[in-house]
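Here are some short exercises to work through with the model open beside you. Try each task before reading its solution.

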Amino acid sequence: MGQQSWSAAKRTLAVVGAAAVVGVAGSAATAEAAAPPPAPATPAKYQVDFSSNSKTLGARVIHCEIRFIGAHGGIPHKSGHVHGTINVRTGVTCSQPLRMIRGKVGLFSNRGSKIKAFGSTGKRTAKGNAALVCRTGRYHGEAVATLYAPPGYTPRVATVGKRTPTVSIHC
């Protein structure tokens with residue numbers, strides 16, 4: 001993976017066709033920078049309710065939430081599975097299966113960034129993680145997911161997102 005300047009690495013949130021792929025600002029490649037990148041736009045909502053008032057489904061609600069997984073609210077941490085790395089883990093959980101969950105999780109620091117896609121089809125949950133080689137610095141995680149409701153529910157599509165606090169990690 002090559003090095004890129006932050007200005008070249010910026011991406012904007014985009015909706016692509018029916019699959020609505022949401023990207024977190026940043027780059028999948030590790031990038032060097034003297035200062036942390038500007039904070040990407042993360043949706044203000046971290047949870048959403050899909051509702052149905054149809055005669056066949058009855059009055060039902062599907063509740064969904066995006067969260068960071070792990071100790072201390074899921075903040076970026078030294079990995080317990082892969083020595084020498086920092087990671088952040090995220091998950092979307094819903095009360096009933098959705099048509100589709102598509103998301104991205106990013107780990108950002110003043111030393112680089114990594115963005116990884118995650119998702120599921122026809123399930124209640126989806127999980128993802130992003131990791132960087134451990135280098136002393138300041139880290140934060142961000143996650144964004146687009147949720148597609150089953151037929152008969154509104155809204156048909158919703159976007160949720162969340163951001164961790166920034167933490168200093170010494171390697």
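**Exercise 1.** Decide whether serine 120 is buried or exposed, then describe its surroundings.

Solution. Start with accessibility: serine 120 has a relative accessible area of 10%, so it is buried (under 20%; exposed is over 50% and partly exposed in between, with a 1.4 Å probe and protein chains only). Next, place serine 120 in strand E6, residues 112–121 (strands are DSSP runs of E, at least two residues, numbered from the N terminus). Then list its contacts (heavy atoms within 4.5 Å): beyond neighbours within four places in sequence, serine 120 touches Met100, Ile101, Arg102, Thr125 and Ala126. Finally, a polar atom of the serine 120 side chain lies 2.9 Å from the backbone oxygen of threonine 125.

This is a predicted model, in which local features need pLDDT of at least 70 and side-chain atom pairs pLDDT 80 or more, while totals for chains, interfaces and linings use all residues. Residues are numbered from 1 along each chain as its sequence is written, and side-chain values use heavy atoms, without hydrogens and water.

**Exercise 2.** Find what glutamine 47 is in contact with, leaving aside its neighbours within four places in sequence.

Solution. Glutamine 47 lies in strand E1, residues 47–52, and is partly exposed at 33% relative accessibility. Its contacts are His63, Cys64, Glu65 and Val160. With histidine 63, the link is a side-chain to side-chain polar contact of 3.3 Å. Threonine 159 is 112 residues away in sequence, yet its C-alpha is 8.8 Å from that of glutamine 47.

Technical notes
Helices (H or I, at least four residues) and strands (E, at least two) are DSSP runs, numbered from the N terminus. A polar contact is a pair of N or O atoms within 3.5 Å; within protein, one must be able to donate a hydrogen and the other to accept it, and residues adjacent in sequence count only if both atoms are side-chain atoms.
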